[in-house]
Amino acid sequence: MFKPTALFALSALLAGVSAQKVGTVTAETHPSITWYKCTTSGGCVAQAGKITLDANWRWLHSTSGTTNCYTGNTWDATLCPNNDACTSNCALDGADYSGTYGISTSGNALTLKFVTQNSNGKNVGSRVYLMKDDSTYENFKVLNQEFTFDVDVSKLPCGLNGAVYFSEMKPDGGVSSTNPAGAKYGTGYCDSQCPRDLKFIDGKANSEGWTGTSTNSGVGNNGSCCNEMDIWEANSISAAYTPHPCDPVGIYRCSGDECGQPSRYSGVCDPDGCDFNSYRQGDTGFYGPGKTVDTAKKITVVTQFITDNGTATGNLKEIRRLYVQNNVVIANSVNQIPGIPAVNSITDAYCDAQKSVFGDTTSFQNHGGLVAMGTSLKRSAVLVLSIWDDYAVNMHWLNSYYPPSCTGYGCERGTCSASSGVPSEIEVSAASASVTYSNIKIGDIGSTYSGTGGTTTTTSTRTSTTSTRTSTTSTRTSTTTTRTSTTTTAGPQQTHYGQCGGQGYS
C-alpha cells in the first residue's frame, strides 16, 4: 500500500542532541471517535477512541522559528545538511484537522476529504491512525477474531483509494529520547512497500540522498518496512483485500536493495501480496454501482481471521470476507478463473494457484505467506485509515486493466478506462471526493454484524451473482503525469504509492 510527503511546525522549546522536536504553534487536539469491542456473549461495548494525523503530512520547521525544514520537494540545506542535524533542528507541530486537512469525526464516523483548500494552498489526501489515548495507538490483535466497519465509497471515482489496513507499527509511535513526538503526532509509520518518501523514520530524519520525485515529494536513502494487512483498498468501482508479509519483526529501517529498489523483489517485504479482487477473480457483476454489493449505498465490510486451531494462538490459515447491506448478509464472490480453486477467501492454496495462473512473482510465498502474516498479527498492529491517489500507475492496479502489456487471466481489475486516474486531472475533477468510515468493531467471529441470509464459511459450491463478461481486452497505455499541484509554506500534501496485486511493476 500504501505512501508519502508532508509538513510540520514549532517553537524553540525542547532542547537535545539529535532529537526530533515537538512544536507549539498549533495545539494538537485529537478528534474523538467511538468504536466497539464485541463478544458473542456480551454484545458490543463502546470504546472512546481518538484520531491522529500521520507525521508526514504535518508542518516541519525549525526549532528556532517558523522557517520550513522542507519546502516543495527539497530540504533546507542549512537546517538539514544531514540526518542528525535535521533531526535536531526540525520539529513537528499540531494539526488543524478540518480546516487544513479535511478530516472530521462525528460519533462513530470518520470522514476524509480528498482535496481541501486552505490558507496555504491545498491538501491532497490524508492518513490517520486510531488511538487508545493521546499518546498511544490502539493495539489490535485480530487472530480468531473478525474486524468490521461501515464504509461509504459512493464518492470515490476511478483513480482514488479509500484504504483501511493494519501495519506492525510501535504502539507509542517509536517515542524515545530522539523522538519525543511519538504517536501523539503520528510518527512511526511503516508498511510492506518500504516507503522511502517518509521524512522521518523511527524518529530520525531521512534527508540524506533525498531526490525529488514530484513537485511536492521525494525519496531518501532509507525506507520504513513492516508487515501490512490490507483490509480494504477500494473505490466505487473495485475493491481488494491483501496480506503482505515481511521478514523483519516490527518496523525496520531499510537501505538499498532491502527496500525493494531498484529491483521490486529484492526487499525484505512482499510488495504484491496475495489479493482477492472480485473483478480480477472473474466475477464482474459482484461489486460496483447497482451490483450485488452496491457501492451507491453504505457497505458493512466483515473480515475474519481463521486459525488452524480455532484460537488466537494458532497459525493463520484463512482470511474470509463477507458484506452486509440492507440487513442482508452477502457472501464474498467465488473465484471464477480456471485453474484457481472455486473459493471466496484467501488461503495458501488459493494464493499458490493464483500466482501460478496469473504468472505473478511468488513474493508472498517467499516471505512466509499466511503463517508469516499471522505471526505478525499475533504481535499486534495499528489501524490505518486513508484516502489517496496514485502518481505511479494511476490506480490501474486496483480498478482498470493492468499492466497495459498484460495478457491472459488477472489483467482486468475493474471497469475504469486506460486514461483514468491521472492525479493532476482527478485532483480537479474529483476535488469534492471523500470517504466515510464508521461503526468500527472487533470481536469474536459472528459478534460484530447481523443480518439475514449468507454464510461465513468457505465452500467450492457457493454461488454468487456473476454477469457475462463483456469487457474487451485491447492494448492500453496508462498515463502517469508529473504532480502539478502546489503547496505553499505550510500546505501539507501526501500521496500513497503502494501498489498491491502483482505483475508489471517497474
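This note sets out, in numbered points, the main features of the predicted model shown above.

1. Overall make-up. The chain contains seven helices and 31 strands. Of its 506 residues, 61% are buried. The chain exposes about 16600 Å², and carbon and sulfur atoms supply 50% of that area.

2. The largest nonpolar core. This core has 68 residues, and the members that touch the most others are Phe 147, Phe 149 and Trp 232. In soluble globular proteins, nonpolar side chains tend to be buried together. Leaving aside residues up to four places away in sequence, the contacts of Phe 147 include Phe 140, Val 164, Phe 166, Ile 231 and Leu 383. Thr 303 and Lys 441 are also among the residues that Phe 147 touches. A second core, separate from the largest one, has 22 residues, including Met 131, Ala 183, Ile 251 and Tyr 402.

3. A small open sheet. Three strands form an open sheet in the order β1-β7-β4, and their pairing is mixed. Its edge strands, β1 (21-22) and β4 (60-62), each pair on one side only. Strand β7 (residues 90-92) pairs with β4 in the antiparallel sense, over three bridges. Within this part of the chain, Cys 90 in β7 has Ser 62 standing opposite.

4. Helix α5 and the residue that follows. Helix α5 spans residues 369-379, and its buried residues are Gly 369, Leu 370, Ala 372, Met 373, Gly 374, Ser 376 and Leu 377. Just after the helix, Ser 380 adopts a positive phi of about 110 degrees.

5. The disulfide of Cys 194 and Cys 225. The structure holds ten disulfides. In one of them, the sulfur atoms of Cys 194 and Cys 225 are 2.2 Å apart. The torsion about this S-S bond is about 125 degrees, so the disulfide is right-handed. The two cysteines are 31 residues apart and link distant parts of the chain: Cys 194 lies in the loop between β16 (160-167) and β17 (200-201), and Cys 225 lies in strand β21 (residues 222-225). Cys 194 counts as buried because its relative accessible area is 4%, below the cut-off of 20%. Cys 225 is buried as well, with a relative accessible area of 0%.

6. The disulfide of Cys 274 and Cys 351. Here the sulfur atoms are 2.1 Å apart. The angle about the S-S bond is -100 degrees, and the link is left-handed. Cys 274 belongs to the loop between β24 and β25, whereas Cys 351 belongs to helix α3 (residues 348-358); the pair therefore ties together parts that are 77 residues apart in sequence. Cys 274 and Cys 351 are both buried.

7. The disulfide of Cys 406 and Cys 411. A third pair to note is Cys 406 and Cys 411, with an S to S distance of 1.8 Å. This link is left-handed, with -70 degrees about the S-S bond. Both Cys 406 and Cys 411 are buried.

8. A buried arginine. Where does Arg 280 lie in the chain? Arg 280 is placed in the loop between β24 (252-255) and β25 (287-288). Why does Arg 280 count as buried? The reason is that its relative accessibility is 1%, while the term buried applies under 20%. The side chain of Arg 280 makes a polar contact of 2.9 Å with the side chain of Asp 275. The loop between β24 and β25 also holds Cys 274, one partner of the disulfide in point 6.

Definitions and conventions
Residues are numbered from 1 along each chain as its sequence is written. This is a predicted model: local features need pLDDT of at least 70, side-chain atom pairs count only at pLDDT 80 or more; totals for chains, interfaces and linings use all residues. Side-chain values use heavy atoms; hydrogens and water are left out. Helices (H or I, at least four residues) and strands (E, at least two) are DSSP runs, numbered from the N terminus. Buried means under 20% relative accessible area, exposed over 50%, partly exposed in between (1.4 Å probe, protein chains only). A polar contact is a pair of N or O atoms within 3.5 Å; within protein, one must be able to donate a hydrogen and the other to accept it, and residues adjacent in sequence count only if both atoms are side-chain atoms. Accessible areas come from the Shrake-Rupley method with a 1.4 Å probe; for residues, only the protein chains shown count as cover. A nonpolar core is a set of buried Ala, Val, Leu, Ile, Met, Phe, Trp, Tyr and Cys residues joined through side-chain atoms within 4.5 Å. Contact means heavy atoms within 4.5 Å. Two strands pair if DSSP finds at least two bridges between them. A disulfide is a pair of cysteine sulfur atoms within 2.5 Å.
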